[in-house]
Structures are given as structure tokens and as C-alpha cells.
Amino acid sequence: PLSKLRYLNLGAFNYNWGDRRYDLISGATALHSRLVKLAHHATAMAIQKGDGSHKDLTIDFNMAICNFYHLQRPSDRLGGHQDNVESNLSLPLVTISLGAPGVFLLGRESREELPTAILLKAGDCMVLSGKSRGYFHGIPTILEYDDDNDDISHDSEENLLFPELSDEGLLVDNKGNAASEDDQGYVPTHVELKFAEAFLSTVRMNMSIRQV
């Protein structure tokens, strides 16, 4: 059942948590092009805001680890760790937050240094690159939705967490405009959208896109 789901892998690789290694899975579906495009776009924005150190790098985003943190199960938290088993540690990690908000702790190169707490909400994107790529980080706390907070309210017209469908069955944005043709390849039903909304109201999902 979904209530027991803790993580899943997207792309052609499986991450083995026990041995901390990636295994190539024959016949597995490649990471979806929309997620690859999203990761490249986020990285390009980070380069613009940063020192440009990744400007000439070729990045093949080919895998994503999705962690699920259930509100009703306090054990679903992630202690301080480093993502350091990828083949090229100079390449960035792109993380996407969905569902319930959570506190993200970004430390430094050692566990002894005090971390910085960052509140991540649904739709937030974070790029760990440069020095921060090797920093310790973790998720110690998940928060419930606060309907009085417009930033995460389900009723806020300007902050829809989930897509909607037009009368013609097309995906639309929060202003009723049709989404791009690239996003129309698979159109979820109203039942699927409501199911996703119900599920993500009880869980935090973190999608970390990377090159293995």
C-alpha cells in the first residue's frame, strides 16, 4: 500500500540503499524527458545566479530518487548524509519538493558544523552545486498543511498545488490557460488528480534528479 511507500527510483538505475551503489536495470524506462528538461532548466537558472562554474559542463540527468515522508509516521525522516556515490561529484543535484512542507537542513563538509534550516514547500526547487554538492543534508521535520497560510492553502487560486483539466480534457494552468503541447502527452483524469491531491496532502515527496 502507498502508506508503506518510502522511496522509488525513476530512470534506468536502481539505488541500493544497503550497499550505497547504483545498479543498471536492463529494460528499465529512461528518466522522462520532462524531468530531464526541468533539471537542465533549474541548473541553468542556478548558473545565472551563481559564479558560472557549471557553464561548460555536459550533464546527463539520467536518474531520480523519490523519497516519501509520511506525516503519520515520524520514522520517515532522513538523517544527515552526503550524496557521494555518483561517478562525477562536481555535477549538481536538482531536488523538487511536492506535498507537505518540510524542514531541510543544509550543513557543511563535516557533521560538527551547525546546519542551516530551510523551509521547503510544494513546488520549491533546490540545486546543490559547487561546494554545497558535498555538504551534509537531511530532512528532520515534516509539517502539516496550514489552511490559514495562503502560500500552501488548497483553496488559494494563485497557489494551486495540482494541475486542472479543461472541459475539453486538456491540462490547464492556474489561470485557465492550456498547458504547452509537451505537457499534453499524458492527460490524467479528474479521479487521478484528486487521488494525487489526497495522497500528497498526507506526505512530503522529494524528487532528487541527478547523473549517476
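**A pocket and two nonpolar cores**

The second largest pocket has a volume of about 310 Å³, the space filled by probe spheres set on grid points joined across faces, edges and corners. A pocket here is an open set of points on a 1 Å grid over the protein atoms alone, where a 1.4 Å probe fits, with protein on both sides within 12 Å along at least five of seven lines; lining residues have an atom within 4 Å of a point. The model is predicted, with local features needing pLDDT of at least 70 and side-chain atom pairs pLDDT 80 or more, while totals for chains, interfaces and linings use all residues. Residues are numbered from 1 along each chain as its sequence is written, and side-chain values use heavy atoms, without hydrogens and water.

Of the 23 residues lining this pocket, Leu78, His81, Asp83, His137 and Arg210 lie nearest its centre. At least two lining residues come from each of β4, β5 (78-81), β6, β10 (137-142) and β13, strands being DSSP runs of E of at least two residues and helices runs of H or I of at least four, numbered from the N terminus.

Turning to the interior, the largest nonpolar core holds 18 residues, and Phe61, Phe68, Val94, Met205, Met207 and Ile209 have the most contacts inside it. Such a core joins buried Ala, Val, Leu, Ile, Met, Phe, Trp, Tyr and Cys residues through side-chain atoms within 4.5 Å; buried means under 20% relative accessible area with a 1.4 Å probe, protein chains only. β13 gives this core its largest share, four residues. A second, separate core of 12 residues includes Met126, Tyr135, Ile142 and Tyr145.

Methods
Buried means under 20% relative accessible area, exposed over 50%, partly exposed in between (1.4 Å probe, protein chains only).
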